[in-house]
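User: Could you take a close look at how the charged side chains pair up here, and then tell me what sits around them? Keep it chatty, and spell out your cut-offs as you go.

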Amino acid sequence: MRILSGIQPTGEKHLGNYFGAIRRWVNEQAEADCFYPIVDLHAITVAQEPTELRKSTLSLAALLIASGIDPERATLFVQSHVPEHARLAWVLECMTPYGDLRRMPQYREKSQTHAAFGVALLTYPVLQAADILLYQADAVPVGEDQRQHLELARDLAQRFNNRFGETFTVPRGTYPEVGAKVMDLQDPAMRMSTSSESDLGVVRILDPPEHIRKKIRSAVTDSGREVRRSPDKPGITTLIEILAAASGESAEQIQERYTGSGYGPFKADVADAIVELVTPIQRRYAELRNDQAELTRILARGATKAHAVAAQTLQRVHEAIGFVPP
Ligand code: TRP
């Protein structure tokens with residue numbers, strides 16, 4: 001079984017990224033042959049500061065390894081190191097209906113919030129399809145927000161296979177269980193997100209423990225004092241879900257334990273559980289970030305492994321569509 005998923009190098013990663021993606025990726029490594037690109041080609045669909053982009057790409061590689069991605073098991077690499085991504089994207093763009101892309105929710109959203117943008121914002125999902133199809137991925141662990149992008153990748157694979165003969169595995173998106181979404185601590189109607197209005201609402205994996213405690217202490221709660229999941233208690237529900245995800249306990253066990261105890265001790269325990277989770281990650285991250293040479297070696301090895309698979313697929317594609325071999 002082959003798995004592929006990509007992550008953008010921009011924005012400091014938070015608990016939503018950790019529970020929704022990174023931790024799932026780590027768990028998949030034991031069972032499947034995993035490919036994890038850091039998608040810098042996708043990142044430049046909106047303007048990026050070069051120094052920042054370089055820094056955040058290396059930081060993210062260090063963070064992923066510190067979080068448990070094992071470069072001996074999984075293939076961790078930088079998308080721009082493997083030229084086949086852009087090359088397959090071109091071929092697929094030639095068979096993607098314009099209307100399909102214009103209707104993509106993320107395009108519609110971003111094209112409205114950015115004053116000026118390049119055409120790649122429109123073709124972004126085709127590049128994503130290329131990421132997936134190059135590696136013949138069976139399954140793609142992603143968030144709910146990627147559902148349409150996955151549908152497009154499936155369509156393109158099927159359309160290509162029908163027209164040119166069996167070439168691509170048709171991938172299947174795998175989504176977190178309901179309730180696995182991490183909500184903003186200040187505005188529990190919104191998902192925790194890098195672009196959140198309030199810094200206090202977002203717990204970053206690399207936040208110092210004191211900041212984490214402060215953010216949990218100031219998380220909005222509801223009047224009342226019952227620690228219980230319910231639609232009229234979105235703040236407390238968010239904290240219960242974070243504690244459940246961090247500790248591995250069920251929400252029911254948590255509710256039972258805090259019966260009658262009020263919000264104070266509960267919040268303190270939520271903060272402790274997060275700090276306990278991120279402290280070893282932060283320690284390994286600091287070590288790796290200080291050894292740039294090792295990080296560069298790991299990414300070079302990943303790119304070599306990825307390239308071997310990607311080049312084979314692209315060659316088959318070029319043959320199938322009638323390009324003369326070089
Ligand atoms: N678009 C994805 C996101 O914003 C990132 C991504 C790029 C991706 N290529 C991918 C995810 C391939 C899964 C598979 O989260």
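Analyst: Let's start with a little network: Asp199, Arg204, Asp207 and Lys215 are tied together by salt bridges, a salt bridge being a side-chain nitrogen of Lys or Arg within 4 Å of a carboxyl oxygen of Asp or Glu. This is a predicted model, so local features need pLDDT of at least 70 and side-chain atom pairs count only at pLDDT 80 or more, while totals for chains, interfaces and linings use all residues. Residues are numbered from 1 along each chain as its sequence is written, and side-chain values use heavy atoms, with hydrogens and water left out.

Within that network, Asp207 pairs with Lys215, their closest N and O atoms being 2.6 Å apart. Both Asp207 and Lys215 are buried, meaning under 20% relative accessible area, where exposed is over 50% and partly exposed lies in between (1.4 Å probe, protein chains only).

Another salt bridge joins Glu210 to Arg213, with the closest N and O atoms 3.7 Å apart. Why the pairing along the helix? Side chains of opposite charge can pair when their charged atoms come close. Glu210 and Arg213 are three residues apart in helix α9 (residues 209-217), so about one helical turn separates them; helices here are DSSP runs (H or I, at least four residues), strands are E runs of at least two, and both are numbered from the N terminus. Arg213 counts as partly exposed because its relative accessibility is 25%.

Over the whole structure there are 16 salt bridges. One of them, Arg2 with Asp33, has its closest N and O atoms 2.9 Å apart. That pair links distant parts of the chain, with Arg2 in strand β1 (residues 2-4) and Asp33 in strand β2 (residues 33-38), 31 residues apart. Asp33 is partly exposed because its relative accessibility is 30%.

Now for the greasy side. The largest nonpolar core (buried Ala, Val, Leu, Ile, Met, Phe, Trp, Tyr and Cys residues joined through side-chain atoms within 4.5 Å) has 61 residues, and Leu64, Ile216, Phe266 and Ile274 touch the most other members. Helix α12 (residues 263-289) gives the most to this core, 12 residues in total. Beyond its neighbours within four places in sequence, Phe266 is in contact (heavy atoms within 4.5 Å) with residues including Val227, Ile236, Leu239 and Tyr258. There's also a second, separate core of 39 residues, with Val126, Leu127, Leu152 and Phe160 among its members.
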